[in-house]
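Visitor: I have a structure open and I'd like some help reading it. Could you walk me through how its helices sit against each other?
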Amino acid sequence: MWEKSNLTLEEAAAYSGIGINKLRRMSNDEQCQFVLWIGSKRLIKRKKLDEYIDRMYSI
């Protein structure tokens, strides 16, 4: 899973430690940089999620 560039919500939750519902709420935002929509399917861009987490917790 750590080598995949795009993760499902379940995989992203396991990878990041952020809950599925929280990830869903975060990725619903139109300004979200780490979500990739394929039709109605939502994938999380792993590198962009890492960058987001680093920015949020480096304060």
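Guide: Let us begin with one pair of helices, keeping in mind that this is a predicted model: the crossing of α1 and α2 is right-handed.

Visitor: What angle do α1 and α2 pack at, and how far apart are their axes?
Guide: The angle between α1 and α2 is about 110 degrees, and their axes lie 9 Å apart. An angle from 65 to 115 degrees counts as roughly perpendicular, and therefore α1 and α2 are described as roughly perpendicular to each other.

Visitor: Which residues meet there?
Guide: From α1 the residues are L9, E10, A12, A13 and S16, and in α2 they meet I20, L23 and R24. Sorted by class, the contact of α1 with α2 has five nonpolar residues, one polar residue and two charged residues.

Visitor: OK, and how does α1 pass α3?
Guide: The crossing of α1 and α3 is right-handed, and these two helices pack at an angle of about 40 degrees with their axes 12 Å apart. That angle is neither under 35 degrees nor in the range from 65 to 115, so α1 and α3 are oblique to each other.

Visitor: Which residues make that contact?
Guide: On the α1 side they are A12, Y15 and S16, while α3 contributes R46, L49, D50 and I53. By class, the contact of α1 with α3 divides into four nonpolar residues, one polar residue and two charged residues.

Visitor: Switching topic: how many residues are in the largest nonpolar core, and which ones touch the most other members?
Guide: The largest nonpolar core has 13 residues, and those touching the most other members are A12, I18, L23, F34, I44 and L49. Two or more residues come from each of α1 (9-16), α2 (20-28) and α3 (46-57), and α1 gives the most, with three residues. As general background, nonpolar side chains tend to be buried together in soluble globular proteins.

Visitor: What does I18 touch, leaving out residues up to four places away in sequence?
Guide: With those left out, I18 touches A13, L23, M26 and I53.

Visitor: What about A14, is that buried or exposed?
Guide: A14 lies in helix α1, and its relative accessibility is 53%, so A14 counts as exposed, given that the cut-off for exposed is over 50%. If you compare A14 with L49, the two are 35 residues apart in sequence, and their C-alpha atoms are 13 Å apart in space.

Visitor: Last one, N28: where is it found, and what does it touch?
Guide: N28 is found in helix α2, and, not counting residues up to four places away in sequence, N28 touches W37 and R42. Its relative accessible area is 46%, so N28 is partly exposed, a term used for values between 20% and 50%. You could also look at N28 and K41, which are 13 residues apart along the chain and have their C-alpha atoms separated by 12 Å.

Key: Residues numbered from 1 in each chain as written. Predicted model: local features only at pLDDT ≥ 70, side-chain atom pairs only at ≥ 80, totals over all residues. Heavy atoms only, no water. Core = buried A, V, L, I, M, F, W, Y, C linked by side-chain atoms within 4.5 Å. Buried < 20%, exposed > 50% of the residue type's maximum accessible area, 1.4 Å probe, protein only. Helix = DSSP H or I, 4+ residues; strand = E, 2+ residues; numbered from the N terminus. Contact = heavy atoms within 4.5 Å. Axes fitted to C-alpha atoms, helices over the stretch in contact; angles between N-to-C directions. Parallel < 35°, antiparallel > 145°, perpendicular 65-115°, else oblique. Left-handed = near helix turned anticlockwise from the far one by under 90°. Nonpolar A, V, L, I, M, F, W, Y, C, P; charged D, E, K, R; others polar.
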